[in-house]
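These are my notes from going through the structure, kept in the order in which I looked things up. I began with one charged pair and worked outward from there.

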Amino acid sequence: VSMGNLEIEVVPVLRDNYAYVVRHRATNTCAIIDPGAANPVMEALDRLHWTPKYIICTHYHHDQIGGVIGLRKRFEIRLIAPEVDGEKIPGVDVKVRDGQSFEIGDAQARVIGVLGHTEGHVAYWFPGAKALFSGDSLMTLGCGRVHEGTSKTMWNSLLKMRELPPETNVYCAHEHGQTNLQFARAMDPDNEALQKRGEYIMERRQLNLPTVPSLLGDEITTNPFLRADVEELQRAVKLDGDAPPSKAFGRLRKRRDNY
Ligand SMILES: [Fe+2]
């Protein structure tokens with residue numbers, strides 16, 4: 001897909017993960033994002049005739065970095081990863097943290113610290129391509145599990161992403177669209193925007209097509225985890241309308257863990 005200054009290719013890997021390969025068109029500079037496995041990514045690169053210069057990881061989990069070693073056997077690649085999680089990733093060349101930016105060719109990437117799923121998780125926002133690579137933080141109608149943070153950290157991370165332009169496309173690391181949809185419907189049954197979006201998601205999944213990218217504007221109106229400060233969702237988790245949103249978020253996340 002061509003998005004602003006980038007071309008972006010979705011690469012299904014492992015059971016339900018997505019890696020991405022992107023190319024800055026003007027400078028022919030290519031980067032791989034979250035390669036959970038090497039082979040499917042190499043096949044995509046061969047098909048596109050792209051030579052990668054960078055690997056960019058959102059966090060240290062195996063389904064993000066599993067392909068790094070294999071890809072480095074074949075290509076000369078610089079590895080970019082978040083500072084904190086980077087200590088658990090072998091061979092990081094560039095450690096990045098919240099607020100920094102770097103370039104892929106001439107495409108600017110901004111680093112947003114979105115801690116909660118892991119201690120050092122970051123998202124990469126490419127404003128020129130209206131693209132956010134969110135890993136296991138914000139997902140299509142969902143969010144990642146909170147493994148290394150509190151409800152408050154994760155909620156604050158989600159708020160940071162909610163403030164980005166609504167026309168931003170969200171590229172997350174898993175295909176959980178259908179399960180997330182079922183959960184969202186159960187939590188937010190009267191949301192008309194969600195019903196409408198649900199039809200689209202079901203159509204995509206029936207054709208075995210990805211539900212990425214999703215539009216941030218749609219996430220804002222339909223993703224229950226971005227709506228923890230909305231009265232309907234607070235009531236759904238048995239809180240009154242002015243409970244701290246992070247508390248409502250925590251209850252939503254817990255229900256989703258057991259869903
Ligand atoms: Fe993860």
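I looked up Arg197 and found a relative accessibility of 10%, so Arg197 counts as buried, the cut-off being under 20%. This is a predicted model, and I read every value below as computed from it. The partner I found for the side chain of Arg197 is Glu219, which it meets in a salt bridge with N and O 2.7 Å apart. Arg197 belongs to helix H7 and Glu219 to helix H8, so the pair ties together parts that are 22 residues apart in sequence. Glu219 counts as buried too, because its relative accessibility is 0%.

I then turned to the second largest pocket, since Arg197 is among the residues nearest its centre, together with Tyr200, Ser214, Leu215 and Asp218. Its space comes to about 230 Å³, and 16 residues line it. Which elements give two or more residues to this lining? I noted helix H7 (192–206), strand S15 (214–215) and helix H8 (216–222), with H7 giving the most, at six residues. By class I recorded seven nonpolar, five polar and four charged residues in the lining.

While I was in this region I checked the loop between H7 and S15, where Pro213 is placed. The peptide bond that leads from Val212 to Pro213 is cis, and its omega is near -10 degrees. I set this down because most peptide bonds are trans.

For the largest pocket I wrote down about 330 Å³ of space. Of its 17 lining residues, those closest to the centre are Met139, Arg145, His174, His176 and Arg256. Helix H10 (residues 245–257) supplies the largest share of this lining, three residues, and the classes divide into three nonpolar, seven polar and seven charged.

Next I went through the other salt bridges, of which the count comes to 14 in the model. Arg47 pairs with Glu9, their closest N and O atoms being 3.2 Å apart, and this pair links distant parts of the chain, with Arg47 in helix H1 and Glu9 in strand S2 (residues 6–13), 38 residues apart. Is each partner buried or exposed? Arg47 counts as exposed at 55% relative accessibility, whereas Glu9 is buried at 18%. Arg235 and Glu231 also form a salt bridge, at 3.7 Å from N to O, and because they stand four residues apart in helix H9, about one helical turn separates them. Arg235 is exposed, with a relative accessible area of 52%, while Glu231 is partly exposed at 47%. I also noted a network of salt bridges that links Glu7, Arg23 and Arg25.

Asp34 needed its own entry, as it is buried yet has no salt bridge. The nearest side chain of opposite charge is that of Arg72, 14 Å away. What I did find is that the side chain of Asp34 reaches the backbone nitrogen of Thr58 at 2.8 Å. Asp34 sits in the loop between strand S4 (29–33) and helix H1 (38–48).

My last entry concerns positive phi values. Asn28, in the loop between strand S3 (17–24) and S4, has a phi near 50 degrees. Lys238, in the loop between helix H9 (231–236) and H10, has a phi of about 60 degrees, and Lys238 is exposed, with a relative accessible area of 67%.

Notes: Residues are numbered from 1 along each chain as its sequence is written. This is a predicted model: local features need pLDDT of at least 70, side-chain atom pairs count only at pLDDT 80 or more; totals for chains, interfaces and linings use all residues. Side-chain values use heavy atoms; hydrogens and water are left out. On a 1 Å grid over the protein atoms alone, a cavity is a set of points where a 1.4 Å probe fits but cannot get out, and a pocket is an open set with protein on both sides within 12 Å along at least five of seven lines; lining residues have an atom within 4 Å of a point. Grid points are joined across faces, edges and corners, and a volume is the space filled by probe spheres set on the points. Ala, Val, Leu, Ile, Met, Phe, Trp, Tyr, Cys and Pro count as nonpolar, Asp, Glu, Lys and Arg as charged, and the others, Gly among them, as polar. Buried means under 20% relative accessible area, exposed over 50%, partly exposed in between (1.4 Å probe, protein chains only). Lys and Arg count as positive and Asp and Glu as negative; His and the chain ends are not counted. A salt bridge is a side-chain nitrogen of Lys or Arg within 4 Å of a carboxyl oxygen of Asp or Glu. A polar contact is a pair of N or O atoms within 3.5 Å; within protein, one must be able to donate a hydrogen and the other to accept it, and residues adjacent in sequence count only if both atoms are side-chain atoms.
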